[in-house]
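Student: I have a model open and want to test the words used for it. Can we take them one at a time?

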Amino acid sequence: MFVTTADAKLEPPIITVNTVLSLLAVDYPTHKLACYVSDDGCSPLTLYSIIEAPKFAKLWVPFCKKYHVQVRAPFRYFSDNPILSSYSPSGFLQEWTKMKDEYEKLCQKIEDAVQNLAPLDFSRDNVDFAHIDSRNHPTIIKVIWETKERISNGLPHMVYVAREKHPNHSHRYKAGAMNTLTRVSSVLTNAPFMLNVDCDMYANNPKIILHAMCLLLGFKHEKSAFVQFPQMFYNILKDDPCGSKVVEAVKVRTGCFHRRKVIYGSSLTDNEEENIDQPDNLSCAVDAAYHVAHSEFEHDTLWGKKVGWVYGSVTEDVLTGMKIHARGWKSILCMLGPPGFLGAAPSITHVMLIQRKRGITGLLEIFHSSIVFALHSSGHGRVGVATTGSWGEWGGPRGDDV
Ligand SMILES: O=c1ccn([C@@H]2O[C@H](COP(=O)(O)OP(=O)(O)O[C@H]3O[C@H](CO)[C@@H](O)[C@H](O)[C@H]3O)[C@@H](O)[C@H]2O)c(=O)[nH]1
Ligand SMILES: [Mn+2]
């Protein structure tokens with residue numbers, strides 16, 4: 001489970017923490033899960049908040065599972081009063097109140113850190129944030145929580161990653177972060193499937209991983225490369241003046257479960273087995289993780305071209321999806337009720353305009369590369385052009401064009 005964040009001001013750490021908590025609390029055997037937070041902002045506030053998250057999660061996760069809580073991002077759950085009925089188990093209200101209290105304490109700690117009320121001390125962890133420039137710094141990888149006993153009802157592993165940044169090397173934005181996470185996770189936990197969510201898109205359906213796994217593991221003859229859950233928002237106004245409902249509703253990027261071997265470039269006809277070698281413990285594999293997070297690691301490799309998220313577009317997920325389809329893979333768009341993931345629609349007009357501009361720029365880039373691509377390839381290339389065209393009309397997502 002990969003959560004990406006890039007700017008602790010635009011993407012407040014409490015929002016990232018809520019997304020992380022919603023993922024830690026999903027209904028799935030926890031020893032099979034690991035949550036990676038990629039911080040391209042290299043922010044002490046984000047690291048501090050991510051260190052605080054599992055302390056609260058130790059209470060929150062059992063509470064959610066005990067009472068079958070539907071929405072496991074606490075900021076959304078506690079925005080309503082507790083749902084009580086004559087069937088409510090005794091003790092629920094007391095536990096609800098205690099949990100709300102604990103969540104408010106977590107919020108307060110993070111808010112105090114944001115307001116600079118208490119100094120954040122990472123000296124024990126050998127992290128010197130005082131002298132860090134977010135555009136020029138070495139890699140920081142911290143195993144925040146490691147589940148040593150393989151129990152299915154604990155907490156998943158948690159790892160913080162701020163990949164190396166160097167002014168001479170392009171960091172390739174989100175695509176670069178995803179590729180680093182792919183490699184870091186391969187040496188630490190190496191799950192055969194990877195979920196990508198933006199830091200502001202919490203898991204709204206606790207069965208989300210079960211649904212994705214049924215789809216990815218259930219088809220014998222028609223294997224899918226990835227399962228995409230549509231990007232949906234909980235706060236879209238009915239009379240939205242900027243029409244974010246229409247634009248955002250077709251964005252199908254965050255909320256995607258990928259088959260790892262597809263990200264490594266395999267095509268549908270490759271029959272090699274998924275390699276699921278895993279180290280015995282995370283801490284002893286951290287040195288190798290530093291190595292693959294190095295900003296020069298990709299130099300003279302196929303990363304960003306034939307391997308991983310494709311570079312060269314501001315809408316990297318569309319280009320990456322197209323290239324996967326061109327290798328013969330199918331994909332699935334899964335609409336769930338309740339929706340798999342929800343986030344807040346951007347409410348500041350200029351943020352929406354930047355996103356819209358980026359979407360259109362990405363589309364033009366892809367049209368251009370599709371034409372070149374179609375000229376150089378056979379049937380699949382032409383499918384790629386048609387697919388992108390229908391996406392560009394903002395006409396709504398389809399089952400096979402994510
Ligand atoms: O250098 C960067 C820039 C962005 N991000 C993260 O990437 C995600 C998406 O970036 P954002 O600026 O929030 O773009 P949006 O327009 O909100 O995102 C939509 O559009 C992106 C570009 O196509 C997709 O990658 C996203 O999944 C999709 O939700 C966020 O979690 C960011 O923190 C990074 O990790 N590193
Ligand atoms: Mn965003």
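Tutor: Start with contact: heavy atoms within 4.5 Å. This is a predicted model. Helix H2 (residues 44-66) lies across strand E1 (2-5), strand E2 (34-39), E3 and strand E4 (157-162).

Student: What angle does H2 make with E3, and how is the angle counted?

Tutor: H2 runs at about 15° to E3. Angles run from 0 to 180 degrees between N-to-C directions. Helix H10 (residues 316-326) lies across strand E5 (193-198), E7 and E10, at about 150° to E7.

Student: What makes E3 and E10 edge strands?

Tutor: Each pairs on one side only. The open sheet has 8 strands, in the order E3-E4-E2-E1-E5-E9-E7-E10, with mixed pairing. Neighbouring strands are turned by 20° against each other on average, direction ignored.

Student: How do you know that E7 and E9 pair?

Tutor: Pairing needs at least two bridges. Strand E7 (residues 224-228) and strand E9 (residues 256-259) have 3, so they pair, in the antiparallel sense. Gln228 stands opposite Cys256 in E9.

Student: Why is the largest core called nonpolar?

Tutor: Because a nonpolar core takes in only buried Ala, Val, Leu, Ile, Met, Phe, Trp, Tyr and Cys, joined through side-chain atoms within 4.5 Å. The largest has 65 residues; among those with the most contacts inside it are Trp60, Ile209 and Phe257. H2 gives the largest share, 11 residues.

Student: Which residues does Ile209 touch, leaving aside its neighbours within four places in sequence?

Tutor: Met1, Val26, Tyr28, Leu33 and Phe257. Apart from this core lies another, of 27 residues, including Val161 and Met178.

Notes. Residues are numbered from 1 along each chain as its sequence is written. Chains are lettered from A and ligands numbered from 1 in the order in which they are written. This is a predicted model: local features need pLDDT of at least 70, side-chain atom pairs count only at pLDDT 80 or more; totals for chains, interfaces and linings use all residues. Side-chain values use heavy atoms; hydrogens and water are left out. Helices (H or I, at least four residues) and strands (E, at least two) are DSSP runs, numbered from the N terminus. Buried means under 20% relative accessible area, exposed over 50%, partly exposed in between (1.4 Å probe, protein chains only).
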